[in-house]
Amino acid sequence: PKTLFVHGYLTDDGQKMSKTIGNVIDPNKVIEQYGTDATRYYLLREIPSYSDGDFSDRRFKEVYNADLANGLGNVIARVAKLCETGNLTFDPPSSFSISQPVLDRLNEYRFHDALGVIWAVVEAIDKSLSQDEPWRLKGDDLKKTLEKQVVRIRQIAYELQMFLPETAEKILEQFKGPQVKSQPALFPRIP
């Protein structure tokens, strides 16, 4: 290795984890309950790279529902459904590269900030869908509107490969073209 990166400690609701106190979190149970990608997302997004970070079940569920279920999962489902309903076809992607803002943050080991850049695009797509109301469009207008979002989703999935490999693979497969079809929810909401 050419570089060694050491992150901070995980705390449990602000307290140092300790077997004596009994507040140690079993990562296997978290993964079993929520899945590997959701666990990776929480740890990489919520725990700053250069300091200690707090893990709580309550916060995990909040982040999961807000970012994964209502954020990424909802955007993917909405665009896929609109593409399927419109019976649209798209050219397969030619190539991808990591965007400079994401790459800059990765080079500084600021994983939470890199995910923040990616999530800003997810939020921009969601906002654009609400403003453009593509469900009211037909034909070329619908295709033109959704084509932009399909390209953005492919880029998001490409950049998510290092953070959420299983999820990224599902999205890339779903949006590879020529047709985009609806799939089961990527992240069902947690009650």
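User: Where does Pro178 lie?

Analyst: Pro178 is in the segment after α7. The model is a predicted one.

User: What kind of peptide bond joins Gly177 and Pro178?

Analyst: The bond is cis, with omega at about 0 degrees.

User: How many aromatic pairs does a search of the whole structure find?

Analyst: The search finds 12 aromatic pairs. One of them is formed by Tyr42 and Phe55.

User: What makes the aromatic pair of Tyr42 and Phe55 edge-to-face?

Analyst: The ring centres are 5.1 Å apart and the planes make 80 degrees. Ring centres within 6.5 Å make a pair, and planes over 60 degrees apart make it edge-to-face, so both conditions are met.

User: Which parts does the pair of Tyr42 and Phe55 tie together?

Analyst: Tyr42 belongs to helix α2 (residues 36-46) and Phe55 to strand β3 (residues 53-55), so the pair links parts 13 residues apart in sequence. Both residues are buried.

User: Why is the pair of Tyr64 and Phe187 also called edge-to-face?

Analyst: Its centre to centre value is 5.8 Å and the planes are 85 degrees apart. The angle is over 60 degrees, and therefore the name edge-to-face applies. Tyr64 lies in helix α3 (residues 57-85) and Phe187 in the segment after α7 (165-174), so this pair ties together parts that are 123 residues apart in sequence. Tyr64 and Phe187 are both buried.

User: Which residues form one aromatic cluster?

Analyst: The cluster consists of Tyr34, Tyr42, Phe55, Phe60, Tyr64 and Phe187.

User: How do you know that Lys143 lies over the face of Phe90?

Analyst: Lys143 is at 5.8 Å from the ring centre of Phe90. The distance limit is 6 Å, so that value passes. The position over the face is also part of the result.

User: Why is Tyr109 called partly exposed?

Analyst: Its relative accessible area is 28%. Buried requires under 20% and exposed over 50%, so Tyr109 falls in between. Tyr109 sits in the loop between α4 (100-107) and α5 (111-132). Its phi is positive, about 60 degrees, although the residue is not a glycine.

User: What is phi of Glu133, and where does Glu133 lie?

Analyst: Phi of Glu133 is near 45 degrees, a positive value in a residue other than glycine. Glu133 is in the loop between α5 and α6 (139-160). At 28% relative accessibility, Glu133 counts as partly exposed.

User: What makes Ser128 count as buried?

Analyst: Ser128 has a relative accessible area of 10%. That is under 20%, so the label buried follows. Ser128 is placed in helix α5. Leaving aside neighbours within four places in sequence, Ser128 is in contact with Glu133, Gln149 and Arg152. For Ser128 and Gln149, which are 21 residues apart along the chain, the C-alpha atoms are separated by 8.8 Å.

User: Why is α4 called roughly antiparallel to α5?

Analyst: The two axes cross at roughly 170 degrees and come within 8 Å. An angle over 145 degrees counts as roughly antiparallel, so α4 and α5 qualify. The contact is made by Pro101, Val102, Arg105 and Leu106 of α4, with Phe111, Asp113, Ala114, Val117 and Ile118 on the side of α5.

User: Which residues touch the most other members of the largest nonpolar core?

Analyst: They are Leu72, Trp119, Leu160 and Phe175, out of 47 residues in that core. Two or more residues come from each of α1 (27-34), α2, α3, α4, α5, α6 and α7. The largest share, 12 residues, is from α3. Not counting residues up to four places away in sequence, Phe175 touches Ile76, Val79, Ala80, Val150, Ile153, Arg154 and Val180.

User: Which residues of α2 are buried, and what covers them?

Analyst: Asp37, Ala38, Thr39, Tyr41 and Tyr42 are buried in α2. The cover over the buried residues of α2 includes α1, β3, α3, α5 and α7.

User: How many helices and strands are there in the protein chain?

Analyst: The chain has seven helices and three strands. Their order from the N terminus is β-β-α-α-β-α-α-α-α-α.

User: What part of the protein chain counts as buried?

Analyst: Of the 191 residues, 37% count as buried. Among contacts with a separation of 6 or more, 73% are between residues 24 or more positions apart. The C-alpha trace spans about 65 × 40 × 25 Å along its principal axes.

Notes: Residues numbered from 1 in each chain as written. Predicted model: local features only at pLDDT ≥ 70, side-chain atom pairs only at ≥ 80, totals over all residues. Heavy atoms only, no water. Phe/Tyr/Trp six-rings, centres within 6.5 Å; stacked < 30°, edge-to-face > 60°. Helix = DSSP H or I, 4+ residues; strand = E, 2+ residues; numbered from the N terminus. Buried < 20%, exposed > 50% of the residue type's maximum accessible area, 1.4 Å probe, protein only. Lys NZ or Arg CZ within 6 Å of the ring centre and 35° of its normal. Contact = heavy atoms within 4.5 Å. Core = buried A, V, L, I, M, F, W, Y, C linked by side-chain atoms within 4.5 Å. Axes fitted to C-alpha atoms, helices over the stretch in contact; angles between N-to-C directions. Parallel < 35°, antiparallel > 145°, perpendicular 65-115°, else oblique.
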